[in-house]
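Thanks for coming, everyone. I'll put the model on the screen and go straight through the backbone, the domains and the voids.

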Amino acid sequence: MKKTYLSPAKINILLKVTGKKNDGYHEIVTIFQKISLFDKLVFEITDNGKIKLSCDDPDIPTDEGNLVVKAGLALKRLTSQNLGANVKLKKRIPVAAGLGGGSSNAATTLVALNSLWNINAPAEKLAKLALNLGADVPFFLSGPAALACGIGEKLTPILPEKSVSLLLVNPGFGLSAGDAYKEAHFSFEPFSASQSLIEDIKSGNPAKISKHMENDLETWALKKSPKLALLKQQVESTKPAPLKTMVSGSGPTLLAIYECHEQAMEAKKNLQNEAPFLACVKTVTLHNPKPM
């Protein structure tokens, strides 16, 4: 039997870098938000004990360098599982784009195999495995949005009341999150998430949300890529004008928020010749990925 799971992308509505730990990891305050852009993972359980991955994108590694394989092997080691799985990854989230595609794939794999292998490990155990795979992987085990602190693993759930319409614009190349944190200059100013910030995110009101959109990695990304800086100017000047445009995460995907879905769609049409990847999406208000 085969089961298909959706693996959602995420955006960072807010990203503040507040410090650096002795182990080299940076401390952040961020708002993670899942969006309606999904990879698909198709799982077929086998009895050979192996995790075999295939992908419709030939540029994606399918060995142990892929987080899907890493997640499956980590769950096997934890539980002494004898079963295996054939996994087909249908890639729709741009790679190295600041949208968390690989981390989402890893979390989805943990959720899927925990169920399909009948392990039924508790959420706390999966969260520990997830953190070992990446700082933002635990978020993808949670609900639609969260306030994240620490290195991104300390999560406070946020339940948005309604979806917001966004336009994603990706210039067709990747930027490394590792390079971003290594090369960017931060002031490490303290930041405390106010109750009004949380309430505005929960409201689903685009005007209120846009007031909080800020990214400490954006300056680095725009300096790293003048092409991205020019593209941001084009998005901002294209009618209908967005309420706010910024780089998502470490980039290079641009995130533009609009008053309504029709405006986002019209802006996409007017920008269709400016970038190879454009997608109108909505913020997710549902919970964890379920089999289809």
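Pro 252 sits in the loop between β9 and β10. Elements here are DSSP runs, numbered from the N terminus: helices are H or I with at least four residues, strands are E with at least two. The peptide bond from Gly 251 into Pro 252 is cis, with omega near 10°. There is also a cis bond from Lys 239 to Pro 240, with omega near -5°. Pro 240 belongs to the loop between α8 (226-237) and β9 (244-247).

A word on what you are looking at. This is a predicted model, where local features need pLDDT of at least 70, side-chain atom pairs count only at pLDDT 80 or more, and totals for chains, interfaces and linings use all residues. Residues are numbered from 1 along each chain as its sequence is written, and side-chain values use heavy atoms, with hydrogens and water left out.

One further backbone item. Asn 118 is not a glycine, yet has a positive phi of about 55°. Find Asn 118 in the loop between α2 (101-116) and α3 (123-133). For context, most residues other than glycine have a negative phi, and most peptide bonds are trans.

Now the domains. The assignment gives domain 1 (2-157) and domain 2 (158-282); such bounds come from an automatic or database domain assignment. Their centres, over C-alpha atoms, are 22 Å apart. Domain 1 puts 32 residues into the contact and domain 2 puts in 35, where contact means heavy atoms within 4.5 Å.

How much area do domain 1 and domain 2 bury between them? About 2,700 Å², with 66% of it on carbon and sulfur atoms. Buried area is the accessible area (1.4 Å probe) that the two parts lose on being put together, summed over both. On the domain 1 side, Ile 13, Leu 15 and Val 17 lose the most area to domain 2, together 21% of what that side buries.

UniProt has an entry here too, an unreviewed one. It lists residues 66-143 as "domain: GHMP kinase N-terminal". Annotations of this kind may be inferred rather than shown by experiment. That span, 66-143, is 51% helix and 9% strand, and its end C-alpha atoms lie 24 Å apart.

On to the voids. The grid is 1 Å, over protein atoms alone; a cavity is a set of points where a 1.4 Å probe fits but cannot get out, a pocket is an open set with protein on both sides within 12 Å along at least five of seven lines, and lining residues have an atom within 4 Å of a point. Points join across faces, edges and corners, and volume is the space filled by probe spheres set on them.

The largest pocket has a volume of about 1,100 Å³. Its lining has 43 residues, with Gly 100, Ser 103, Asp 136, Ala 177 and Ser 250 nearest the centre. Which element gives the most to that lining? α2, with 4 residues. Both domain 1 and domain 2 supply at least three residues to the pocket lining.

Last, the cavity. There is 1 cavity of 30 Å³ or more, and the largest has a volume of about 90 Å³. It is lined by 14 residues, and Ile 13, Val 164, Ile 209, Ile 257 and Thr 283 are the closest to its centre. β1 (2-20) and β10 (254-257) each give two or more residues to this lining. Again, each of domain 1 and domain 2 contributes at least three residues. Ile 13 thus comes up twice: at the domain contact and by the cavity centre.
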